[in-house]
Each structure stands twice: as C-alpha cells, then as structure tokens.
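Thanks for coming. I will keep this short and go from the overall fold to one group of charged side chains.

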Amino acid sequence: MRMPPRDQIAVAAALLAPLLVALMLVPFRTHMTSANLALILVVFVVAVAALGSRTAGVLAALSAATWFDFFLTRPYQRFTISHGDDITTTLLLLAVGVAVSQLAAHARSLKLVTITDAAHLARIHETATLVQAGASPYTVVDQVRAQLIEILGLRDCRFEYGTLLGRHPRLEQDGSLTAVRAQGNPEEQVWPGEEIELRASVGGRYLGRFMLQPHPGTTIPPLQTRLVAVSLADHVGAALDTAGPVLDR
C-alpha cells in the first residue's frame, strides 16, 4: 500500500531536516555546548514527529543522532566521538527523539479515536431518531445503506427484504466475520472476495439483510467500526419490525 502524502513528506523531512540543521549549526559548534546543540536538533525531531507518523519520528531521531555525531562532536566529520560526555549526549538525543515520536504518535491516535467516536455516535443517534420518529422503513434502509458504504469504505451495498438465499460470509453481532474467524485477527485481513451479509433482526428474528460489496483487496475495518455497522443494521430491524410485513421493492 502507498504511503499517504503527509507521511511521505514527514519521512523526507525526517531524513533531510536534521542534516540541514546540523550543517547550519556547524559555525556555532565551538561556541555552544554539545547539550545545547542537541536540544536544537530535538526541537526539529519533535516537529517531524508531530507532522508525520511514528516511523518518521524515529527516523528523525536516528538522523539527528547521526549528524550530531558527524558534524557537531569531535573529531569533526567522522563517525567517532572522543569525549564521554558527547557519547552520553548523542545517546540521550536518540532516546529523547524516539520517546517524543512515540508520544506524538499516541496523541494523534487518541485525537483520531475521539473524532471517529463522535462521528460514529452521531450516525447512530441520527438513525435512532429517524426510527423513533416513525419514518418509513424504506427511508431508514436508504439512510443506513449510505452510512454503511461510508464507514466501511464499500464499493456498493444493497438490502434484501426477508430473503435468505445462499451461504455468504457474514458480519456477526459481535463484529466478527465468519469468513476470517479461523484465520486470525480480522484487522490484519482483507474483505472476502464476495458479498458479505449483515443481518437486520429484532430479538433474534431475521427481517432482512444488507449485502456489503467491498472494494477488492481492501482491509477489513477496525472492530469499533464493524460494531457501529451492526448497530445501524439493528435500527433497520427495529424499523421493519415496527412497520410490520414489508414487501421487496
């Protein structure tokens, strides 16, 4: 899979920025302590880690430690260090850079989870409100169909009223997939190469099903997203149950 453009920029910055900064600091290396020079490099490592991925942050830390050793410690322009204090500073620069990149990546993950949770909650609330307002089951089905395509990244999705034909991979109530249950973690798998069944039911009573059509070779979404999809399908089941028998359109 191709790296997103933002991560590509961050990786390039991780490799080049510490080198350029170290070169800029060369005229000052005899007037500043090694610790201060290292702190300046750490600032740029933090900037790269905040911009890009964990990988970019670690690369920036490695690059900063390498060019700090080469340009800013004696003997200059050699990958050797003559003073014990400079060795300690180099190791601390590397350790701090890696630690900061991990913290920055974790902070971005928490922000993403918060945003994702809020968006998922809004979808569930919107659909639940529609059902409680007594909207037509067709309206609820159409809305949930569009939501499933969006959150699961599907190529298409259709709904079958009250029919149960064929044996398809199924997205279960617990978010698991029958087709990959025996193959390990679903998050590390791709969608099956056929339609996936997501049932709409109430109290174990089957009322219809969404037939999910993913893009070939795409990764299965996280469990949290799959559970949201199951919850949306349950709202469709509630709408169909309230409306009584529904004929296929």
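I start with the chain as a whole and then turn to the salt bridges.

What you see is a predicted model. The protein chain has 6 helices and 3 strands. In sequence order the pattern is α-α-α-α-α-β-β-β-α, with the three strands placed between five helices and a final helix.

Some totals for the chain. Of the 249 residues, 40% are buried. The exposed area is about 13,400 Å², and 64% of that comes from carbon and sulfur atoms. Taking the contacts with a separation of 6 or more, 69% are between residues 24 or more positions apart.

Now the charged side chains. Side chains of opposite charge can pair when their charged atoms come close. How many salt bridges are there in this model? The count comes to 10, and I will go through three of them.

One of them joins Glu195 and Arg158, with 2.7 Å from N to O. Arg158 is in strand E1, residues 154-161, while Glu195 is in the loop between E1 and strand E2, residues 196-202, so this pair ties together parts 37 residues apart in sequence. Is Glu195 buried or exposed? Glu195 counts as buried because its relative accessibility is 18%, and the cut-off for buried is under 20%. Arg158, at 32%, counts as partly exposed.

Next is Glu197 with Arg170, where the closest N and O atoms are 3.7 Å apart. The cut-off for a salt bridge is 4 Å, so the pair at 3.7 Å is counted. This pair also links distant parts of the chain: Glu197 sits in strand E2 and Arg170 in the loop between E1 and E2, 27 residues apart. Glu197 has a relative accessibility of 2% and therefore counts as buried. Arg170 has 24% and counts as partly exposed.

Glu197 has another partner. Arg199 forms a salt bridge with Glu197, with the closest N and O atoms 2.8 Å apart. Arg199 is partly exposed, with a relative accessible area of 28%.

Which residues end up in one network through shared partners? They are Arg158, Glu160, Arg170, Glu172, Glu195, Glu197, Arg199 and Arg209. The three pairs I went through draw on members of this network, including Glu195 with Arg158, Glu197 with Arg170, and Arg199 with Glu197.

That is the end of my part.

Terms used: Residues numbered from 1 in each chain as written. Predicted model: local features only at pLDDT ≥ 70, side-chain atom pairs only at ≥ 80, totals over all residues. Heavy atoms only, no water. Helix = DSSP H or I, 4+ residues; strand = E, 2+ residues; numbered from the N terminus. Buried < 20%, exposed > 50% of the residue type's maximum accessible area, 1.4 Å probe, protein only. Contact = heavy atoms within 4.5 Å. Areas by Shrake-Rupley, 256 points an atom, 1.4 Å probe, with all protein chains shown as cover. Salt bridge = Lys/Arg side-chain N within 4 Å of Asp/Glu carboxyl O.
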